[in-house]
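Here is a short tour for a reader new to this structure. Please keep the sequence and the 3D view at hand while reading.

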Amino acid sequence: MTYFNKVLLLGTGPTVIQLAVNFKNYYNGKVAIAGRESIRSKIFFETIVQHQLELNVNIQNTQHQSVAGKCIIDAFFKGYHTVSGDWDTVVLSVTTDSYISVLAQIDKEVLKKANCFILISPTFGSSHLITNFLKNLSPRAEVISFSTYYGDTRWLGENPSNEVLTTGVKKTVYIGSTYSKSDRLDELSKLFRYLGIHLEKVASPLEAETKNISLYVHPPLFMNDFSLTAIFDEKKITKYVYKLYPEGPITYTLIRHLLNYWKEMMAIVQHFNIQPLNLLKFMVDDNYPLQPESIARQEIENFNKLESIHQEYLLYIRYASLLIDPFSIPNQEGRYFDFSAVPLRSIFKNHDGEWDIPRMPKEDYYRVKIIQGIAKALELKSPTLDYFVQTYEEKLQQIVASQENKIYSDAFQVKSFSQEIEMICKELISSEKTTVV
């Protein structure tokens, strides 16, 4: 049986163009794109029409040639409610907090015909959310989670168009399926081998969702007073995500929060018989390496066994060692590339004229609220996680209360996400008892 003959991609961001080119050129099946109706997506769809449905992926580095290319898609749908046709695979390339609202807009008959749903950038619990949503529509559908999107892709110009630039490609991406034996994972592995990426299969989608570094580092980096002041107070002085205080939020207190939050997460994942993640090893081996002089390999390998104060020390050393890119070539003055100079983006006016919050921490708020809900359902204490949520929500309320004359997007509302939490927890409980084969 051949898979991925009819692929429907949901979303209108740069990632969708990269996915479309790879799926179309490798499997040579039908590919369509569907997106919500908005001012931004209007520009996207108009450009696609102007170029007669041709999409183009450019690359920054020649070693990533395999992900580059052009293709002509077969159809597009302006508004999820307009989706029609027979699609065997639905690929969600939208923000995790919009999964259910997006799928709910699509004709149920379309969803019933699909036998595979792929989550490109899920968060912890996303696969269970989708499984629960599909229970009465397509209960035997396979749900596949990637640990994260496999590249760094942006628009070629300032505005959405039919062209993107992929500036980076990951060496390894983790993937898990609700089927214990999955032919589709084998097919995807072949595609990713062709793209020069190793797909590491894990036991379940939930396990794949634990292999995302953002899950562990974003809440402590963004949900603290320093970062939130830089994001919400519209000050003109730039502050940086990965720099040490006072240029950035990294202090010994933040490192302690990072460590304690990781421990709270590990208590949750162990409840589902998922092997605890070695945080330092994951940072160094799966994300960005260090020079061996910075931290000894033995310290990295034994990280989980060390005392908390020793772990904090090593995590601080890790961030200090990456203030510059340790593998860049120094200039005449001996200066290395300023690797940590990633600005904290401040709130902005969106295309609807509303004040909006950048993806980080907006998406991280959804992430931590879902995890907090899971921890409560399992009756596990999560004081650090609770602190992140409280700090963020207090900031939202403070900003809205102090600026009554401004129009804010719904991102400024304190949310419970109770429906999603309930759906996820139902599946988490039932998945402990049964496994789909």
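The report below covers two sheets, several helices and three single residues.

**The eight-stranded sheet**

The model is predicted. One open sheet has 8 strands. Their order is β5-β2-β1-β6-β7-β8-β11-β12, and the pairing is mixed. Which strands stand at the edges? They are β5 (75-78) and β12 (198-201). Each has a single partner strand, so one side of each is left without a neighbour in the sheet. From one strand to the next, the twist averages 20°.

Inside this sheet, strand β1 (residues 6-10) pairs with strand β2 (residues 30-35). The two run in the parallel sense and share 5 bridges. Two of the bridge partners can be picked out by name. Val-7 is matched with Val-31 of β2. Leu-9 is matched with Ile-33 of β2. Strand β2 is mostly covered, with 5 of its 6 residues buried.

**The four-stranded sheet**

Another open sheet has 4 strands in the order β4-β3-β10-β9. Here too the pairing is mixed. The edge strands β4 (69-72) and β9 (151-155) each pair on one side only. Neighbouring strands are turned by 25° against each other on average, direction ignored.

Strand β3 (residues 54-59) pairs with β4 in the antiparallel sense, over 4 bridges. In that pairing, Leu-55 has Cys-71 of β4 as its bridge partner. A helix lies across this sheet's strands. Helix α1 (residues 14-27) lies across β3, β4, β9 and β10 (163-169). Its direction is at about 80° to β4.

**Two crossing helices**

Two packed helices are described by the angle between their axes and the distance between the axes. For helix α10 (residues 252-271) and helix α13 (residues 308-321), the axes come within 9 Å. They cross at roughly 115°. The crossing of α10 past α13 is right-handed.

Which residues make the contact between α10 and α13? From α10 come Tyr-252, Ile-255, Arg-256, Leu-258, Leu-259, Trp-262 and Lys-263. From α13 come Ser-308, Gln-311, Glu-312, Leu-315, Tyr-316 and Tyr-319. By class, this contact has 8 nonpolar, 2 polar and 3 charged residues.

**Helix α9 and its cap**

Helix α9 (residues 225-232) has these buried residues: Ser-227, Leu-228, Ala-230, Ile-231 and Phe-232. Their cover includes α8 (213-222), α14 (359-377) and α15. The N-terminal end of α9 is capped by Asn-224. A side-chain oxygen of Asn-224 lies 3.1 Å from the backbone nitrogen of Phe-226.

**Three residues up close**

The table gives the relative accessibility of three residues.

| Residue | Relative accessibility | Class |
|---|---|---|
| Ser-409 | 5% | buried |
| Ser-138 | 10% | buried |
| Glu-200 | 33% | partly exposed |

Start with Ser-409. This residue lies in the loop between α15 (383-402) and α16 (418-431). Why does Ser-409 count as buried? Its relative accessibility is 5%, and buried means under 20%. Leaving aside neighbours within four places in sequence, Ser-409 is in contact with Asn-350, Glu-354, Trp-355 and Asp-356. With Asp-356 there is also a polar contact of 3.0 Å, joining the two side chains.

Next comes Ser-138. Where does Ser-138 lie? The residue is in the loop between α5 (126-133) and β8 (142-146). Beyond its neighbours within four places in sequence, Ser-138 is in contact with Leu-111, Lys-112 and Ala-114.

Last is Glu-200, found in strand β12. That strand is one of those at the edges of the eight-stranded sheet. Not counting residues up to four places away in sequence, Glu-200 touches Thr-172, Val-173, Tyr-174 and Ile-175. How many residues separate Glu-200 and Leu-137 in sequence? They are 63 residues apart. In space, C-alpha to C-alpha, Glu-200 and Leu-137 are 30 Å apart.

How values were computed: Residues numbered from 1 in each chain as written. Predicted model: local features only at pLDDT ≥ 70, side-chain atom pairs only at ≥ 80, totals over all residues. Heavy atoms only, no water. Pairing = 2+ DSSP bridges. Axes fitted to C-alpha atoms, helices over the stretch in contact; angles between N-to-C directions. Buried < 20%, exposed > 50% of the residue type's maximum accessible area, 1.4 Å probe, protein only. Polar contact = N/O pair within 3.5 Å; in protein donor to acceptor, adjacent residues only side chain to side chain. Contact = heavy atoms within 4.5 Å. Left-handed = near helix turned anticlockwise from the far one by under 90°. Nonpolar A, V, L, I, M, F, W, Y, C, P; charged D, E, K, R; others polar.
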